[in-house]
Amino acid sequence: MPRLTRIYTRTGDDGTTGHSFGGRVAKDALRVECYGTVDELNSCLGVARAAGLPAELDADLARIQNELFHLGSDLCVPEAEKERHPVPRVAERHVAALEALIDRWNESLPPLENFVLPGGAPAAAALHVARTVCRRAERQLVALARREAVGASTLPDLNRLSDALFVLARA
């Protein structure tokens, strides 16, 4: 775990940011938008957890938050650099875990008969916001994947996560 002794560096004052593998890119580069939106999503999940949740749901969200750090690192480093700069990555097991979570929570819910209006309890509303941020991250990742290679499980992971957040908001 890195230890940050100084928070500001002033190196980003020119509108660029450093990649973990070296080099600098514009702060509005599509790759930066992707992992920045994943970071935003993680914060949204923190808001939902702070609103008060049943212990089991809170534990599931805590696990998801930690796995979002893996997704962020996977997105931060281009595929061509990952052999030289290994980082935590999202794998098929992450997607399978989200599918299991969806199935577990969904079996206790009544069938959907209509569209769901986001809202309800504060935690549910926060999870709906998180779901829409997740969908934005997914759209950005689709655009990035058209330009360059991305991790094989990154897009399925975001797709499944938005489904999971919908089910968790209903729960």
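The lining of the largest cavity divides into five nonpolar residues, no polar residues and two charged ones. The model described here is a predicted one, and this cavity is a convenient place to start. The structure holds one cavity of 30 Å³ or more, and the volume of the largest cavity is about 50 Å³. Its walls are formed by I64, E67, L68, L71, L98, D157 and L161. Helix 2, covering 55–76, and helix 5, covering 154–170, each supply at least two residues of this lining. Helix 2 gives the most, with four residues.

The open side of the picture is the largest pocket, which contains about 270 Å³ of space. Helix 1 and helix 2 are the elements that give two or more residues to its lining. Here too helix 2 provides the largest share, five residues. The lining is made up of 12 residues, and D39, L68, F69, G72 and S73 are those nearest the centre of the pocket. By class, seven of the lining residues are nonpolar, four are polar and one is charged. A reader following L68 through the model will meet this residue in the lining of the largest cavity and again among the residues nearest the centre of the largest pocket.

Attention now turns to the packing of the helices. The largest nonpolar core has 39 residues, of which L41, L45, L61, I64, L127 and L165 touch the most other members. Helix 1 (30–50), helix 2, helix 3 (92–106), helix 4 (122–147) and helix 5 each supply at least two residues of this core. I64, one of the residues with the most contacts to other core members, also helps to line the largest cavity.

Two of these core residues show how the contacts run. L61, leaving aside its neighbours within four places in sequence, is in contact with L45, R49, L53, L127, L165 and L168. L127 is placed in helix 4 and counts as buried because its relative accessibility is 1%, under the 20% cut-off. Not counting residues up to four places away in sequence, L127 touches L45, A48, L57, L61, L165, L168 and A169. L45, L165 and L168 thus appear among the contacts of L61 and among those of L127. L127 can also be placed relative to V167: the two are 40 residues apart in sequence, and their C-alpha atoms are 9.4 Å apart in space.

Helix 5 can be followed along its length. With 17 residues at 1.5 Å a residue, this helix should span 24 Å, and the 25 Å between its end C-alpha atoms agrees with that expectation. Its buried residues are T154, D157, L158, L161, S162, A164, L165, V167, L168 and A169. These buried residues pack against helix 1, helix 2, helix 3 and helix 4. Two of them, D157 and L161, return as lining residues of the largest cavity. S162 belongs to helix 5 and counts as buried because its relative accessibility is 1%, under the 20% limit. Beyond residues up to four places away in sequence, S162 touches R131, C134, R135 and E138.

Helix 4 offers a contrast between two of its residues. A137 lies in this helix and, at 1% relative accessibility, counts as buried. R139 is likewise found in helix 4, but is exposed because its relative accessible area of 54% is over 50%. L158 gives a common reference point for the two. A137 and L158 are 21 residues apart along the chain, with 7.5 Å between their C-alpha atoms. R139 and L158 are 19 residues apart in sequence, and the C-alpha separation is 9.6 Å. Setting aside residues up to four places away in sequence, A137 touches T37, V38 and L158.

A charged residue completes the account. D74 is located in helix 2 and counts as buried because its relative accessibility is 2%, under the 20% cut-off. Not counting residues up to four places away in sequence, D74 touches E79, K82, V87, P88, R89, V90, G151 and T154. The last of these contacts, T154, is one of the buried residues of helix 5.

Conventions:
Residues numbered from 1 in each chain as written. Predicted model: local features only at pLDDT ≥ 70, side-chain atom pairs only at ≥ 80, totals over all residues. Heavy atoms only, no water. 1 Å grid on protein atoms, 1.4 Å probe; cavity = no way out; pocket = protein on both sides within 12 Å on 5 of 7 lines; lining within 4 Å. Points joined across faces, edges and corners; volume = space filled by probe spheres on them. Nonpolar A, V, L, I, M, F, W, Y, C, P; charged D, E, K, R; others polar. Core = buried A, V, L, I, M, F, W, Y, C linked by side-chain atoms within 4.5 Å. Buried < 20%, exposed > 50% of the residue type's maximum accessible area, 1.4 Å probe, protein only. Contact = heavy atoms within 4.5 Å. Expected span 1.5 Å × (residues − 1).
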